[in-house]
Amino acid sequence: MTKYAKPLPRIDEESKGYWEACRRHELVVQRCAACGRLRHYPRALCPACLSERVEWQRCSGRGAVYTFTVTYQNQAAGFRDALPYVLAYVELEEGVRLLTNIVDCAPDAVRIGMPVEVVFEDATPDVTLPKFKPADDRP
Amino acid sequence: MSALARAVIAGVYEHPTRWAPDKTQFQLCAEAARGALADAGLTLADVDGFCTAGVGPIGIMTLAEHLDLTPRFHDGTNIGGSSFVAHVLHAAAAIAAGLAETVLIVYASTASSDRYAVGTGGLTLGDAPDQFEAPYGPTVLNSYALVAQRHMHEYGTRAEQLAEIAVTMRRHAGLNPHAKYRDPITVDDVLASRVVSSPLHLLDCCLISDGAGAIVVTAAERARDLARPPVRLLGGSEGLCHTAMGERDLLAMAAAQSGPRALAMAGVTHADVDLCMLYDSFTITVLLTLENLGFCARGEGGAFVQGGRLGLGGTLPTNTDGGGLSSNHPGMRGIFLVIEAVRQLRADCGPRQVADCEVALCHGTGGMLGLRHSGVTLVLGR
């Protein structure tokens, strides 16, 4: 098996709940248990009220492309051999946006507003990355 | 009148080099410092405040050592390419507070001769959010492309409109003997250049060069008997945009925060601005900055930049040196925005001179537009 060449997340105390969920193939976002505000990326204290009472909310995994770009040039290791690729913000049904890749789709076919659903890429035995593909059940 | 009025810009220097494989970054810094001090009629012995960025996290000490400076005020704020615009503000605040009398701001980079891929080298800054971003391949360039795509989607902005910005900057560069690229280009040339990150073409992107520049800010009283007429600091402010807990409006820039504050402090309106110097890392940066500064309404940037408005002779001449798109871009270009504004206000610009240039607005954008970026607005007057 070839070594995974792209950067991997450096998982820390504030983020491990998110990445552990990804390993279970579950997408979660944090909700402040004090003020109810959703937030992504995860962090220990809520920036809205500074409470450290955290809930992890499991997401449906569905959302829509908020914006994207087909990247044809990136000299960094792991990416230079994977061109072109689609970098995107996906807006989850729950409301927050996350940076990700759109996969299982011709880059030229990606559109803003396109319904997408999460797909989990097991990059290494320890790290699973959430990515998104066109939703099967497009309305 | 704001406390900024206690300080003035007394000297500027833009290094003519765009390719300096035979020189170090620090040598270029020293040459730029020498140029700006000579322009001001001052010497290194007059410098008691020092600002720089892009020399490593605490490299300001090493660069001060290289120049044998022992300043009583230093500022190594690094908020990306806008850092040096912020340094002018910080220098003025320090002078107004009595922390320094004469502040030297200096920048140099050999990005081009080092073959440093400023925009497309991948991004791993070692910050906490890296783990949620770096695995997906963000670069400086594609972070701006994400915003351009969204703008096109929301407002129907067209590639031809972005291209006109690049064409205008290139026309200005043709009047600047030091600009790296001076041959005219057309909208069709921009559209025919390869797409590097959709919807941005190669000619929507700033170039990469070596380069250096320096600015001397001094107390207004000290400037009265100096070599050149001082340029006044009328107003300024800073701003920041980030992912905002996952709810960021991607078309809102830090410029919308800093711009109105800077104009209000200066006591001028958009109609008073004779020259804009806007960080043009990419064509979309210029278009979106104009909207966010309030020169046109949100979504109207595409139409606003058409018809030669930003060109010399237009109603809002912008980036008269050719900008980062055509003149120079060593990685953090903010210092050159201020330098060209000062040259225009002094009427030093020869064939590219803006007639009766009395008020200039500089706006630096630093960082990755679609991830997190800084904005610094500075309003200058003669």
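The following exercises, each with a worked solution, concern a predicted model of a structure with chains A and B.

**Exercise 1. The sheet of domain 1**

Determine the strand order of the open three-stranded sheet in chain A, and identify its edge strands.

Solution.
Step 1. The order is β2-β1-β3 (chain A), and the pairing is antiparallel.
Step 2. A strand that pairs on one side only is an edge strand; in chain A these are β2 (38–39) and β3 (54–58).
Step 3. Strand β1 (residues 28–32) of chain A meets β2(A) through two bridges in the antiparallel sense. Within this pair, Q30(A) faces R39(A) of β2(A).

**Exercise 2. The strand pairs of β7(A)**

Establish how β7(A) pairs with β4(A) and with β8(A), and name a pair of opposed residues for each.

Solution.
Step 1. Strand β7 (residues 115–122) of chain A is antiparallel to β4(A), with three bridges between them. Here R62(A) lies opposite E117(A) of β7(A).
Step 2. Strand β8 (residues 128–134) of chain A is also antiparallel to β7(A), with seven bridges. In this pair V118(A) lies opposite F132(A) of β8(A).
Step 3. Five residues separate β7(A) from β8(A), and the two strands form a hairpin.
Step 4. A general point assists in reading such pairs: side chains in a regular strand alternate between the two faces of the sheet.

**Exercise 3. Two domains in chain A**

Describe how chain A is divided and how its two domains meet.

Solution.
Step 1. The division gives domain 1 (12–58) and domain 2 (60–139).
Step 2. The C-alpha centres of domain 1 and domain 2 of chain A are 21 Å apart.
Step 3. Contact between them involves nine residues of domain 1 of chain A and 11 residues of domain 2 of chain A.
Step 4. On the domain 1 side, helix α1 (residues 16–23) of chain A supplies the largest share, three residues. By character, this side comprises five nonpolar residues, three polar and one charged.

**Exercise 4. The contact between the chains**

State how many residues each chain gives to the contact, and characterise the side that belongs to chain A.

Solution.
Step 1. Chain A gives 33 residues and chain B gives 30 residues.
Step 2. On the side of chain A that touches chain B, the elements giving two or more residues are β4 (62–71), β5 (85–92) and β6 (97–101) of chain A.
Step 3. The residues of this side of chain A divide into 19 nonpolar, 10 polar and four charged.

**Exercise 5. Helix α3(B) and the nonpolar core**

Is helix α3(B) mostly covered or mostly uncovered? Relate this helix to the largest nonpolar core.

Solution.
Step 1. Helix α3 (residues 83–96) of chain B contains 14 residues and spans 20 Å from its first C-alpha to its last, close to the 20 Å expected at 1.5 Å a residue.
Step 2. The helix is mostly covered, as 12 of the 14 residues of α3(B) are buried. Among them are F84(B), V88(B), A91(B), A92(B) and I95(B).
Step 3. The largest nonpolar core has 159 residues, and V103(B), I105(B), I215(B), V217(B), V338(B) and L380(B) have the most contacts inside it. Its largest share, nine residues, comes from α3(B).
Step 4. Domain 1 (12–58) and domain 2 (60–139) of chain A both contribute residues to this core, so the core lies between them.
Step 5. Beyond its neighbours within four places in sequence, V217(B) contacts residues including V88(B), A91(B), A92(B) and I95(B).
Step 6. Just after α3(B), G98(B) adopts a positive phi of about 80°.

**Exercise 6. Backbone exceptions in chain A**

Locate two cis peptide bonds and two non-glycine residues with positive phi in chain A.

Solution.
Step 1. H40(A) and Y41(A) are joined by a cis peptide bond with omega about 5°. Y41(A) belongs to the loop between β2 and β3 of chain A.
Step 2. The bond from L83(A) to P84(A) is likewise cis, with omega near -10°. P84(A) sits in the loop between β4 and β5 of chain A.
Step 3. H25(A), in the loop between α1 and β1 of chain A, has phi near 60°. Because 13 other C-beta atoms lie within 10 Å, H25(A) is partly exposed.
Step 4. D104(A), in the loop between β6 and β7 of chain A, has a positive phi of about 55°. D104(A) counts as exposed because it has 10 C-beta neighbours inside 10 Å, the limit for this class being 12 or fewer.

Notes:
Residues are numbered from 1 along each chain as its sequence is written. Chains are lettered from A and ligands numbered from 1 in the order in which they are written. This is a predicted model: local features need pLDDT of at least 70, side-chain atom pairs count only at pLDDT 80 or more; totals for chains, interfaces and linings use all residues. Two strands pair if DSSP finds at least two bridges between them. Helices (H or I, at least four residues) and strands (E, at least two) are DSSP runs, numbered from the N terminus. Two residues are in contact if their C-beta atoms, placed from the backbone, lie within 7 Å. Ala, Val, Leu, Ile, Met, Phe, Trp, Tyr, Cys and Pro count as nonpolar, Asp, Glu, Lys and Arg as charged, and the others, Gly among them, as polar. Domain bounds come from an automatic or database domain assignment. The expected span of a helix is 1.5 Å times one less than its number of residues. A residue is buried if 20 or more other C-beta atoms lie within 10 Å of its own, exposed if 12 or fewer, and partly exposed in between; C-beta atoms are placed from the backbone. A nonpolar core is a set of buried Ala, Val, Leu, Ile, Met, Phe, Trp, Tyr and Cys residues joined through C-beta atoms within 7 Å.
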